[in-house]
Amino acid sequence: MKVFLLAGEVSGDRLGGALMAGLKELRDDMEFHGIGGEQMQSHGLTSLFPMEELSIMGLAEVLPKYFHLKRRIRETADEILRLKPDAVITIDAPDFSLRVAKLVKEASNIRTVHYVAPSVWAWRPKRAAKMAKVIDHVLALLPFEPPYMTAHGMECDFVGHPVTTEVQATDAEAADFRARFGIGDAPLILALPGSRRGEVSRLADRFGAALAQVVADKPNSKIVLPCAAPVAQLVRDLTANWAVQPILLDPSEMTAADKRAAFKAADIALAASGTVSLELAAARTPMVIAYDFNKITWAIMRRMALIDTFTLVNLVSETRAVPEFLGPECRPELIAPAILSVLNDPTAQRSAMDVTMQRLGEGGEAPGLRAARAVLARL
């Protein structure tokens, strides 16, 4: 069985890798082609071009790369039509993925599957109707998403979120992490300003200023910042002038176990918006979310938004337990008091995290395997 998979960023690569593992577990004749990162390549995929070319977030940010991305869309569709796979599975990155699927559908009847339902419940609700013209089947990560897809004629299965099966550090590993870095019993704040150059550049100074205010209130606090490999040097440069120097975890030395231990050991995290909120919830680490966009992107998103929160823990748990500061509200003087408030009383947030993980499938079959079953069952 031949499958073409397309992922556009690190989170999609993880989903793709788990799905590929599930497909190989269920069938022994799998042949993979497509675009992906390290996880997908570890399961036998040779990427048509570097996945990082697609890791662009924001409407205004895409414009300078428009013609290059357009060429990549055509190149990808041509390769799919040449290979004639049994199915094309596009993973997130809808602005790229759905354009590829459109070209494929115009020239063939190849089955198209999209993994991660677009956030039509958040903004751009008409996208589901447009998507239905080029996508046959949707694999949804969130339990409330299938009705939005099936209403427009697509097949849709809730397969659970992979964060629910990720290994979590033990209390002993968290204690060892604190001991290794001389943290002891001090309040530990995890700083997570993102993995893209644009977001790190916009957020670093504001994160530093907010954390300085927190430390002024709790002078013995320690800050740990795990650097994402693509922006490690940028993070080092931008944090060099922070009033309170963080403990930087170098990606060349940091293991997956170190990152898990940091998440478990932290009393609270200040994080960029995104799926990291679910990673923190899985570790039961309280959080405050802060994010800023290009001004044009934010203006468009604000006008089109259908919801009052973008944090998945809030949405899945149907609470607003996680404070978030987006766009113009991404300011140190607002962020710091929220961090202190959650530090002083994380009870409501911990309850919301428990509900979130249960609803996302914690304790059930691995989402990658569930997704693989759904793909094969509907072929």
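Me: What makes strand 8 (residues 222–226) and strand 9 a pair?

Reply: Three bridges join strand 8 to strand 9, which run parallel, and two strands pair if DSSP finds at least two bridges between them, so the pairing criterion is met. Strands here are DSSP runs (E, at least two residues), as helices are (H or I, at least four), numbered from the N terminus. Within this pair, Pro226 stands opposite Leu249 in strand 9. This is a predicted model, in which local features need pLDDT of at least 70, side-chain atom pairs count only at pLDDT 80 or more, and totals for chains, interfaces and linings use all residues. Residues are numbered from 1 along each chain as its sequence is written, and side-chain values use heavy atoms, with hydrogens and water left out.

Me: Why is one side of strand 9 and of strand 12 left without a neighbour in the sheet?

Reply: The open sheet of six strands has the order 9-8-7-10-11-12, with parallel pairing. Strand 9 (247–249) and strand 12 (324–326) stand at its edges, each with a single partner strand, so one side of each lacks a neighbour there.

Me: Why are helix 8 and helix 11 called roughly perpendicular?

Reply: The axes of helix 8 (residues 171–180) and helix 11, lines fitted to C-alpha atoms over the stretch in contact, with angles from 0 to 180 degrees between N-to-C directions, come within 8 Å and cross at roughly 95 degrees. Angles of 65 to 115 degrees count as roughly perpendicular, and the two helices are therefore described that way. Their contact (heavy atoms within 4.5 Å) includes Phe177 of helix 8 and Ala261 of helix 11.

How values were computed:
Angles under 35 degrees count as roughly parallel, over 145 as roughly antiparallel, 65 to 115 as roughly perpendicular and the rest as oblique.
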